[in-house]
Amino acid sequence: MTDARRLTTARLGELSASVSVPAYDRSAVTPGIVHLGVGGFHRAHQARYVDDLLASGVTDWGIVGVGLMSQDVRMRNALAAQDHLYTLVERAPDGGVQGRVIGSIIDYLFAPDSPEDVLALLTDPQIRIVSLTITEGGYHVNQATGGFDASDPAIQADLQPGAVPSTAFGYVVEALARRRTAGVAPFTVMSCDNIAGNGEVARGMMSAFASLRDPELGEWIGSEVAFPSSMVDRITPATTDADIDEVGWRFGIEDAWPVVSEPFTQWVLEDRFPQGRPPFEQAGVEMVPDVEPYELMKLRLLNASHQALCYLGYLSGYRYAHEVCTDPLFVDFLLGYMSQEGEPTLPEVPGVDLAGYQRELISRFANPHIRDTLARLCAESSDRIPKWLVPVISDQLAAGGSVRRSALVVASWARYAEGTDEQGAPIDIVDRRRAEVMARANAQREDPLAFLRDRDLFGDLADQPGFTEPYAEALASLHEVGARKTLETWEQ
């Protein structure tokens, strides 16, 4: 990138015409949103929508990002060095590439260095929305009971009297408590994570956390703070060194941390913002009274299909999603899962052709220019399978429907979690419950249901013959003949 120019406000006018840049005056933008958990998805999705609004003349809804984890110092440093600008690269299936500099993040605070600065920001009346991408596991839901799991040491630390917050829960609840004391209206908490009913989950877990600290505060948060639900969709793989290099040679930009995504983007949002909101609809957000049909469609078709392809694909020797989704054997399996198991559990989705949506998903997954790794899709399965696939299985069992494909998906996760592939090479299992899932997986050759007996993940599925029979059959086949041969015979 020797000929590239470092991305800063002063140099925007020097950039190539091949990349679009903010045409608005960023110095005139004031903050209205604080976002916790600034990663690739937020920067490709919500920040892009807000950037559109700023370009249209809206000036009071800039985003201030907050990093909570120790590793977020890297994002702090990258953004600070380039005036919080970054490059969004959209890669189309036909090879077309569009670059755009995003300017909607106007500041970024690294919470471990300045917790009081973060709290002062969150209690500022100007901040009317706090949005979250803290991952599916960040809500501390007990998968078996649906209640709040307070066992995390960081949560326990944040519950101590006078504690300096370290978690999203600690910061949000402390800020809301301070606003309440000061007579400042509460901000709206807007979850953008892939969880069914994410707004209600956020409300339930945040108020439960607050109640452990102060029952009256918990009741107030549950009744007085708005938690709209949302459905968010845009495939955004992790940024690679090759992506950084490409931004340099293609656009002439030296960007420490660009973000890459597909062209497709969708955001369906419950219209519940008592303290006001940006005119999101002007940027293409679908503002609706009820998000549930859309979010169930996305979670049970797109997200669950990612799980359906990643373990089987990895065990079969593939390493990227697009490789799997150009293999007719896998395409047939995915379409079979979606139409025969996922779709029957869905309510009517207004304005959506579900068959067309399923075909479009395969096309999106098969985009060779996104290069979404199977390792990324296989990560944190303990937070994904229980939320995306287990509800499909439960609904299908209750209705007497097929769960055969879902059983193979769960069995393929169990086989993957053994930590070695079919050639004996190690697999790096990335999961917050890594030790437990690997221990159960490595006990299943003697006890075929060992993995499934983790009630925190699967509830009572191990007690239901309608599921355990195809699951045990699938696991035995994966052990005996491998993933591809199992898939070849599974639906015959």
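## Exercises on a predicted model

Leaving out neighbours within four places in sequence, Glu174 is in contact with Leu119, Pro165 and Arg213; contact means heavy atoms within 4.5 Å. This is a predicted model, in which local features need pLDDT of at least 70 and side-chain atom pairs count only at pLDDT 80 or more, whereas totals for chains, interfaces and linings use all residues. Residues are numbered from 1 along each chain as its sequence is written, and side-chain values use heavy atoms, with hydrogens and water left out.

**Exercise 1. Place Glu174 in its helix and decide whether Glu174 is buried or exposed.**

Step 1: Find the element. Glu174 belongs to helix H6, residues 168-182. Helices (H or I, at least four residues) and strands (E, at least two) are DSSP runs, numbered from the N terminus.

Step 2: Check the accessibility. Glu174 has 16% relative accessibility, so Glu174 counts as buried. The cut-offs are under 20% relative accessible area for buried and over 50% for exposed, with partly exposed in between (1.4 Å probe, protein chains only).

**Exercise 2. Describe the surroundings of Gln307.**

Step 1: Gln307 sits in helix H10, residues 292-315.

Step 2: With a relative accessible area of 1%, Gln307 is buried.

Step 3: List the contacts, skipping residues up to four places away in sequence. Gln307 touches Leu377, Ser381, Arg384, Ile385, Trp388 and Val409.

Step 4: Pick out Val409. Gln307 and Val409 are 102 residues apart along the chain, yet their C-alpha atoms are separated by 7.1 Å.

**Exercise 3. Work out which residues of H3 are buried, and what they pack against.**

Step 1: In helix H3 (residues 73-80), the buried residues are Met75, Ala78 and Leu79.

Step 2: Look at where they point. They cover an arc of only 90° around the axis, which puts them on the same side of H3. The arc is that of the directions from the helix axis to the C-beta atoms.

Step 3: Name the partners. The buried residues of H3 pack against helix H1 (40-44), strand E5 (86-91) and strand E7 (105-110).

**Exercise 4. Classify the packing of H17 with H21 and with H12.**

Step 1: Recall the recipe. Two packed helices are described by the angle between their axes and the distance between the axes. Axes here are lines fitted to C-alpha atoms, for helices over the stretch in contact, and angles run from 0 to 180 degrees between N-to-C directions.

Step 2: Take H17 (residues 404-416) and H21 (residues 483-490). Their axes come within 12 Å and cross at roughly 175°. That makes H17 roughly antiparallel to H21. As for the classes, angles under 35 degrees count as roughly parallel, over 145 as roughly antiparallel, 65 to 115 as roughly perpendicular and the rest as oblique.

Step 3: Read off the contact. Arg404, Arg405 and Leu408 of H17 meet Thr486, Leu487 and Trp490 of H21. Sorted by type, the residues of this contact are three nonpolar, one polar and two charged. Ala, Val, Leu, Ile, Met, Phe, Trp, Tyr, Cys and Pro count as nonpolar, Asp, Glu, Lys and Arg as charged, and the others, Gly among them, as polar.

Step 4: Now H12 (residues 328-342). The axes of H12 and H17 come within 9 Å and cross at roughly 125°. H12 and H17 are therefore oblique to each other. On the H12 side the contact uses Phe333, Gly336, Tyr337, Gln340 and Glu341, and on the H17 side Arg404, Arg405, Ser406, Leu408 and Val409. The tally is four nonpolar, three polar and three charged.

**Exercise 5. Lay out the sheet that contains E10, E13 and E14.**

Step 1: The order is E10-E13-E14, an open sheet of three strands with mixed pairing. Two strands pair if DSSP finds at least two bridges between them.

Step 2: Strand E10 (230-233) and strand E14 (286-288) stand at the edges with a single partner strand each, so one side of each has no neighbour in the sheet. From one strand to the next, the twist averages 15°.

Step 3: E10 and E13 pair in the antiparallel sense over four bridges, and Met231 has Val268 in E13 as its bridge partner.

Step 4: E13 (residues 266-270) and E14 run parallel, joined by three bridges. Here Val268 stands opposite Glu286 in E14.

Step 5: Check the faces of E10. Both are covered: Ser230 and Val232 on one side and Met231 and Asp233 on the other are all buried.
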